[in-house]
Amino acid sequence: MISKQEINQIADNYNPKDIKLATVCSHSALQTFFGARQEGFKTLGIAIGSIPKFYDAFPLARPDEFMVLKNYQEIIEKADELIKKNVVLIPNGSFVEYMGALNFRDKLNIPTFGNRRVLEWEADRNKQREWLEQAGVRMPAVIKKPEDISGPVIVKYFGAKGGRGFFVAKNKEDFYTSIGANPNYTMQEYILGTRYYPQFFSSPFKRENAMPTSSGSLQLLSIDRRDETNIDEMYKLGEVEKLRKHGVIPSFVVTGNVPVVLRESLLPEVFDFAEKTCSKAKDLFDGMIGPFCLEGVYTDQLKFYVFEISARIVAGTNPFISGSPYSALTFKQQMSTGRRIAEEIRYALSINKLKEVIS
Ligand code: ATP
């Protein structure tokens, strides 16, 4: 693992007036570059293969400079060059997924926003569960073996990107029909209800416009719901179960995001879960810094079940580049999660505490 001291030493040589924010051109990068620019930072886009042509259509978000690399692994080899440019990396979903959480944690010695120790807890579904359950967050029950299935379950493969190949089974026969050859899966109770993906921001600092917590402070920046194909539209073809016979299998592949809000009376519970998650993160790995998302389902009993946490900026923040109904109640200016990251770095620099928000 890259040590905090190593990163601190690199940051000691950075010119605080010339910090550049960089990320990989994918996922939520446009929002990140735009937000960084709004906060007065120069930006660098790491383009894999070639510079995305469509970035010309978004001049306000196009980074000030690009670094074109063959693949994600090459970022590690370019560390010295990036450090010379005073770069702070902003991890996003594509970055972590394609580089590999362990490579990121152990080999990428470039100052990075957030606590990189969160990656090992986020990347492993069992460790995620340990963290959230110990925190007191409600989660769907785990079903250990097909013989224990007594109601709808969702079967998730390890390393499945964006829900590809996940399936729902109602009994062990369904399970054996769909399981295929991949032995690496987990199975959990399928929670019937409405999905919400609230996006929080955890700061190690006590900020004036945030809820104080034992680990610093907390804000709710936005909530989205994902468009998932083909499960979201399958009902149009008739009874989902019968479609299996025709080779039409439900999948949960994310293609986009839509903004939603929660009933105000449901906000206390999601804030409570978020606060407990931050506090347990402090106990387990010295805290979670920056954006995170509790992905879950509200049932008709008005109980929120969290099936996953993402401990970094999620693509579900993209509908909120000009702010959200929640950020409007927190900030005087338009605030996206991308901008909030830049604002946190700007604030940390202003109080000479950059090292508290990077690792
Ligand atoms: P990503 O990494 O993109 O977040 P993933 O591969 O980790 O996705 P999950 O987020 O765990 O997968 O699940 C994908 C989708 O499956 C969810 O967005 C949701 O629609 C559905 N889902 C997952 N777990 C449950 C559950 N226990 N009950 C009901 N639906 C669920």
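## A tour that starts in strand 10

Select Asn 230, a residue found in strand 10. Keep in mind that this is a predicted model. Numbering starts from 1 along the chain, following the sequence as written.

**Stop 1: an unusual peptide bond**

Stay at Asn 230 and add Thr 229 to the selection. A cis peptide bond joins Thr 229 and Asn 230. Its omega is about 5°. For context, most peptide bonds are trans.

**Stop 2: along strand 10**

Now colour strand 10, which covers residues 216–230. Which residue of the strand comes next? Pick Gln 219, also found in strand 10. Is Gln 219 buried or exposed? Its relative accessible area is 3%, so Gln 219 counts as buried. Next, draw a line from the C-alpha of Gln 219 to the C-alpha of Ile 351. The two residues are 132 positions apart in sequence, and the line spans 20 Å.

**Stop 3: the ligand and its shell**

Select the ligand and show what lies around it. How many residues surround the ligand? There are 20. The closest are Lys 156, Gln 188, Ile 191, Tyr 197 and Glu 228. By type, the shell divides into 9 nonpolar, 3 polar and 8 charged residues.

Next, colour the strands that line this place. Strand 5 (153–157) and strand 7 (185–189) each supply at least two residues of the shell. So do strand 8 (194–203), strand 10 (216–230) and strand 13 (304–310). Strand 10 is therefore on this list as well as home to the Asn 230 where the tour began.

**Stop 4: contacts with the ligand**

Zoom in on the ligand atoms. Start at Gln 188, where an N or O atom of the side chain is 2.8 Å from a nitrogen atom of the ligand. Move to Ile 191 and show its backbone. A polar backbone atom there is 2.9 Å from a nitrogen atom of the ligand. Then select Glu 308. One of its polar side-chain atoms lies 2.9 Å from an oxygen atom of the ligand. How much of the ligand is covered? Taken alone, the ligand exposes 630 Å², and the protein buries 92% of that.

**Stop 5: two domains**

Step back and colour by domain. Domain 1 is made of 4–137, 193–228 and 257–357, while domain 2 is 141–190. Why does the ligand lie between them? Both domains give residues to the shell around the ligand, so the ligand lies between the two.

**Stop 6: the cysteines**

Look for disulfides. A search of the whole structure finds 0 of them. Select Cys 278, which is in no disulfide. The nearest cysteine sulfur belongs to Cys 293, 13 Å away. Seen from Cys 293, the closest cysteine sulfur is that of Cys 278, and 13 Å is too far for a bond. Cys 278 has 2% relative accessibility and counts as buried. Cys 293 is buried too, with a relative accessible area of 1%.

**Stop 7: helix 11 and the loop after it**

Show helix 11, residues 267–285. Pick Asp 272, which lies in this helix. At 30% relative accessibility, Asp 272 counts as partly exposed. Its C-alpha is separated by 8.7 Å from that of Val 137, 135 residues apart along the chain.

Continue to Asp 286, in the loop between helix 11 and strand 12 (290–298). Asp 286 is exposed, at 51% relative accessibility. Its phi is near 65°, a positive value in a residue other than glycine. Most residues other than glycine have a negative phi. Now add Arg 117. Asp 286 and Arg 117 are 169 residues apart in sequence, yet 8.3 Å apart in space, C-alpha to C-alpha.

**Stop 8: after helix 12**

Select Asn 352, in the segment after helix 12 (337–350). What is its phi? The value is near 60°, positive in a residue other than glycine. Asn 352 counts as exposed, with 74% relative accessibility.

**Last stop: helix 6**

Finish at Asn 103, found in helix 6 (residues 101–107). Asn 103 is buried, with a relative accessible area of 19%; the cut-off for buried is under 20%. Show Gln 73 beside it. The side chains of Asn 103 and Gln 73 make a polar contact at 3.2 Å.

How values were computed: This is a predicted model: local features need pLDDT of at least 70, side-chain atom pairs count only at pLDDT 80 or more; totals for chains, interfaces and linings use all residues. Side-chain values use heavy atoms; hydrogens and water are left out. A residue is near a molecule or strand if one of its heavy atoms lies within 4 Å of it. A polar contact is a pair of N or O atoms within 3.5 Å; within protein, one must be able to donate a hydrogen and the other to accept it, and residues adjacent in sequence count only if both atoms are side-chain atoms. Accessible areas come from the Shrake-Rupley method with a 1.4 Å probe; for residues, only the protein chains shown count as cover. Helices (H or I, at least four residues) and strands (E, at least two) are DSSP runs, numbered from the N terminus. Ala, Val, Leu, Ile, Met, Phe, Trp, Tyr, Cys and Pro count as nonpolar, Asp, Glu, Lys and Arg as charged, and the others, Gly among them, as polar. Domain bounds come from an automatic or database domain assignment. A disulfide is a pair of cysteine sulfur atoms within 2.5 Å. Buried means under 20% relative accessible area, exposed over 50%, partly exposed in between (1.4 Å probe, protein chains only).
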